[in-house]
Amino acid sequence: MADHSAPPACKYFNLTYPLPFVAHVEINRPDKMNAFKEEMWHELPPLFTHLSTSPSTRAIILSGAGPKAFTTGLDVQEASQNSILGPNPDQSRPVPDGARTATRLRRHVDAFQACISSIERCEKPVVAAIHGWCLGLGVDISVCCDVRICARETRFAVKEVDIGLAADIGTLSRLPKVVRSGSWVKDVCLSARDFGAEEAEKVGFVSWVGKNGGKEEVVKEALRWAEVVVGKSPVAVQGTKEVLNWSWNRSVEDGLRYTSVWNSAMLQSEDTREAMMSGITKRKPRFAKL
C-alpha cells in the first residue's frame, strides 16, 4: 500500500498494514516493557504526521509490543541520567537563575507535550488496543486516542505523583473530559493507585474489555472495529472526527455553526452520492483515496 511519500524510519515503532487502509503502530521496546526514552518521543510525531496525510491510511491501531505492557510510561532510569535538572556540566558558567531554569523546563515540557499531542492531531481515527501494564505516560497516550479498548488483565495507573511531579503531558487536562466523574479522576491521580479493566470500563475510560485476557484478543477487536470504519467514506469519517474534536470544549451553538461551514464544503464530495446509491442498490460502496 505505497504512498507518494514513504513513512519515516523508526527504531522504536513498528508500522504494518494488516488490512487495507488499516495501519497498526506498535510501540516497540518490549525488553523494557515499552517504556519511553527520549529517542522514542522524537520518532512519534513524524510517524503520526505521515499517517495523518497518508492516502493509504483510514484508521490506526496503536498497541504495545510483547506480552507484558502497552507501555509502563517514562523510562525513569534513563530520564534520571539525562535530566534537564541535572548538575551544570560546565563549571565555568554560572548556574542559571530561577526564571531561566523555568523557561528551559517549560520549553522542554512543551516539546514533549507536542510529541504526544501528535496522536490527537492526527486526522485519522486512532484506537488504542491496550494490554498488560498501562502506566503514567501510557495514560497520557491513551487519552489522546479516539477510542480505547483493553484486555481483561490490563492494569492502569496515573503514576506521576509517585515520582514527585504532577502529570504534565496531558492526563490532567484530558482525563477529566474523557471521564466525567471528577471524584474518580482525582482519586486515581492523587493516589497513583492501580485500577483494572472492569473499573476503567465502568467509568467510561474504555469502551470495550476483552473476555479472555491478552494482547491477541484486543488487537483482533481493534482490527474488527477498524475494518468497519475504513469501509465508510473517508471524507465522512475525517469530518466526523474533526467536528467532534472542535466541539469538545465549545457550546452546542458553536458546534452547529462549525458543522454547517464544514459540510458546506464536504457535502460536495462524490462520497455522499456513492454512499446513498450503495444503500439503495444493496452493494458495497467504493470510495476514492483522500
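This report walks through the cores, pockets, cysteines and a few single residues of the structure above. Keep in mind that the model is predicted.

**The cores**

Let's start inside. The largest nonpolar core has 48 residues, and those that touch the most other members are Phe13, Leu62, Ile119, Phe156, Leu175 and Phe205. Helix α1, residues 38-53, supplies the largest share of this core with 6 residues. Another core lies apart from that one and has 16 residues, including Ala151, Ala222, Ala226 and Val229. As a bit of background, nonpolar side chains tend to be buried together in soluble globular proteins.

Phe156 is a handy residue to zoom in on. Setting aside its neighbours within four places in sequence, Phe156 is in contact with Ile130, Cys134, Leu135 and Cys150, and also with a run of residues from Arg193 through Asp194, Phe195 and Gly196 to Ala197. Ala200, Phe205 and Val206 complete the contacts of Phe156.

**The second largest pocket**

Now for an opening in the protein. The second largest pocket has a volume of about 670 Å³. It is lined by 24 residues, and the closest to its centre are Glu120, Asp146, Leu244, Asn245 and Trp248. Which elements give two or more residues to this lining? They are α3 (98-121), α4 (137-144), β7 (147-150), α5 (171-178), α8 (215-230) and α9 (234-247). Of these, α9 gives the most, with 7 residues. By class, the lining of the second largest pocket splits into 12 nonpolar, 4 polar and 8 charged residues.

One of those elements, α4, is worth a second look. It is mostly covered, with 8 of its 8 residues buried. The buried residues of α4 are Leu137, Gly138, Val139, Asp140, Ile141, Ser142, Val143 and Cys144.

**The cavity**

How many cavities of 30 Å³ or more does a search of the whole structure find? The search finds 1. About 30 Å³ of space lies in the largest cavity, and its lining is made up of Arg58, Lys124, Val229, Val230, Pro234, Val237 and Gln238. Helices α8 and α9 are the elements that give two or more residues to this lining, and α9 gives the most, with 3 residues. Sorted by class, the lining of the largest cavity has 4 nonpolar, 1 polar and 2 charged residues.

Some names come back here. Val229, which helps line the largest cavity, is also a member of the core of 16 residues. Helix α9 gives the most to the lining of the largest cavity and also gives the most to the lining of the second largest pocket.

**The cysteines**

On to sulfur. A disulfide is a covalent bond between the sulfur atoms of two cysteines. A search of the whole structure finds 0 disulfides. For Cys10, the nearest cysteine sulfur is that of Cys115, 12 Å away. For Cys134, the nearest one is that of Cys150, 8.9 Å away. A disulfide needs sulfur atoms within 2.5 Å, so Cys134, at 8.9 Å from its nearest partner, is in no disulfide. Is Cys10 buried or partly exposed? Cys10 counts as partly exposed because its relative accessibility is 23%, whereas Cys134 counts as buried at 0%. Both Cys134 and Cys150 turn up among the contacts of Phe156.

**A few single residues**

Two residues have a positive phi although neither is a glycine: Met33, at about 55 degrees, and Ala192, at about 60 degrees. Met33 sits in the loop between β2 (22-27) and α1, while Ala192 is in the loop between α6 (182-191) and β9 (195-196).

Ala65 is found in the loop between β3 (59-64) and β4 (69-71). Its C-alpha atom is separated by 5.2 Å from that of Asn28, although these two are 37 residues apart along the chain. Not counting residues up to four places away in sequence, Ala65 touches Glu26, Ile27, Asn28, Pro30, Asn34 and Lys215.

Pro46 lies in helix α1. The C-alpha atoms of Pro46 and Pro96 are 33 Å apart, with their places 50 residues apart along the chain.

Here is how these four residues compare in accessibility.

| Residue | Relative accessibility | Class |
|---|---|---|
| Met33 | 26% | partly exposed |
| Ala192 | 4% | buried |
| Pro46 | 39% | partly exposed |
| Ala65 | 7% | buried |

Technical notes:
Residues numbered from 1 in each chain as written. Predicted model: local features only at pLDDT ≥ 70, side-chain atom pairs only at ≥ 80, totals over all residues. Heavy atoms only, no water. 1 Å grid on protein atoms, 1.4 Å probe; cavity = no way out; pocket = protein on both sides within 12 Å on 5 of 7 lines; lining within 4 Å. Points joined across faces, edges and corners; volume = space filled by probe spheres on them. Helix = DSSP H or I, 4+ residues; strand = E, 2+ residues; numbered from the N terminus. Nonpolar A, V, L, I, M, F, W, Y, C, P; charged D, E, K, R; others polar. Core = buried A, V, L, I, M, F, W, Y, C linked by side-chain atoms within 4.5 Å. Buried < 20%, exposed > 50% of the residue type's maximum accessible area, 1.4 Å probe, protein only. Contact = heavy atoms within 4.5 Å.
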